[in-house]
Amino acid sequence: MADTQDVVELILRDHRRMEDLFRRMRSVEADRSGALREFADLLIAHALAEEAKVYPALKRYKNIDDEEVEHGEHEHDEGNKALLELLEVEEVGSDEWDEKLEELVQAVNHHADEEERTILNAARENVAMERREALGRAFWQERERQLKAGCGSVGNVRKIVES
């Protein structure tokens, strides 16, 4: 378990990790394929854990906008589609790779920015720390379960996108 259990902080840490992985995927000096594999696992595990453990709980709070939470789920779908398109590119570093990577960066960064400004700020203001920590434990356990299952494989991402 991380050194914090606050679900808001755990989600923010994942967002910052995704930004780091984007930098690695853009760098010709980095292991871009390895960064993509790590990113794929993290993005899918993160989104599935949010949708299973965090979003349903936050919808119960009157000062957290249900439409924002549902919009977040829709944006997960967009990110998953963009991820699948990048995973299916045959040559790392090709023009197609760069184009699909930028589409993924745009989709994920847009979602993270909106989620941080709306859902996470509302959770910080309206959800007691004890409840945020309970949600954090549930989020972390589901996230870890998904990571152990290899959730970011091309086949699994395809299955998620097609469902």
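## Helix α6 and its neighbours

V161 sits in helix α6, and in this predicted model its C-alpha atom lies 9.6 Å from that of G79, although the two residues are 82 residues apart in sequence. V161 counts as partly exposed because its relative accessibility is 23%, which falls between the 20% limit for buried and the 50% limit for exposed.

Two other residues of interest share this helix. R158 is found in helix α6, and K159 is too, in a helix that covers residues 154-162. The C-alpha atoms of R158 and N80 are 8.6 Å apart in space, with their positions 78 residues apart in sequence. For K159, the partner to look at is L84: these residues are 75 apart along the chain, and their C-alpha atoms are separated by 10.0 Å. How open to the surroundings are these two side chains? R158 is partly exposed at 31% relative accessibility, while K159 has a relative accessible area of 56% and is therefore exposed.

## Helix α5 and a residue far back in the chain

If you move to helix α5, which runs over residues 129-148, you will find E130. With 68% relative accessibility, E130 counts as exposed. E130 and Q5 are 125 residues apart in sequence, and their C-alpha atoms are 9.4 Å apart in space.

## Salt bridges

How many salt bridges does a search of the whole structure find? The search gives 18. As background, side chains of opposite charge can pair when their charged atoms come close.

One of these bridges joins R16 to E116, with the closest N and O atoms 2.8 Å apart. This pair links distant parts of the chain: R16 belongs to helix α1 (residues 7-26) and E116 to helix α4, and 100 residues separate them. The two ends of the bridge differ in how they are classed, since R16 is partly exposed at 34% relative accessibility, whereas E116 is buried at 19%. The value for E116 is under the 20% cut-off, so E116 goes into the buried class.

Another bridge forms between R23 and D20, and here the closest N and O atoms are 2.4 Å apart. Both residues lie in helix α1, three residues apart, which is about one turn of the helix. D20 has a relative accessible area of 31%, so D20 is partly exposed.

## A small charged network

E144 and R143 also form a salt bridge, with 2.6 Å between the closest N and O atoms. E144 is partly exposed because its relative accessible area is 22%, while R143, at 9%, is buried. Salt bridges with shared partners join D14, R143 and E144 into one network.

## The aromatic pair

How many aromatic pairs does the structure hold? There is one. The pair consists of F22 and F39, whose ring centres are 4.8 Å apart and whose planes stand at 35°, so the pair is tilted. To be called tilted, a pair needs planes that are neither under 30 degrees apart nor over 60, and that is why an angle of 35° earns the label here.

This pair, too, links distant parts of the chain: F22 lies in helix α1 and F39 in helix α2 (residues 32-58), 17 residues apart. Are these rings buried or exposed? F22 is buried, with 2% relative accessibility, and F39 is buried as well, with a relative accessible area of 0%.

## A negative patch on the surface

Now for the outside of the model. Which residues form the negative surface patch? They are E90, D95, E96 and E99. Of these, D95 is placed in helix α4, which covers residues 95-126. D95 has 69% relative accessibility and therefore counts as exposed. Helix α4 is also the helix that holds E116, the buried partner of R16. If you follow helix α4 in the viewer, you can thus visit both D95 and E116.

Terms used: Residues numbered from 1 in each chain as written. Predicted model: local features only at pLDDT ≥ 70, side-chain atom pairs only at ≥ 80, totals over all residues. Heavy atoms only, no water. Patch = residues over 30% accessible without salt bridge, like charges linked within 9 Å, V, L, I, M, F, W, Y side chains within 5 Å. Areas by Shrake-Rupley, 256 points an atom, 1.4 Å probe, with all protein chains shown as cover. Salt bridge = Lys/Arg side-chain N within 4 Å of Asp/Glu carboxyl O. Lys, Arg positive; Asp, Glu negative; His and termini not counted. Charge placed at Lys NZ, Arg CZ, Asp CG, Glu CD. Helix = DSSP H or I, 4+ residues; strand = E, 2+ residues; numbered from the N terminus. Buried < 20%, exposed > 50% of the residue type's maximum accessible area, 1.4 Å probe, protein only. Phe/Tyr/Trp six-rings, centres within 6.5 Å; stacked < 30°, edge-to-face > 60°.
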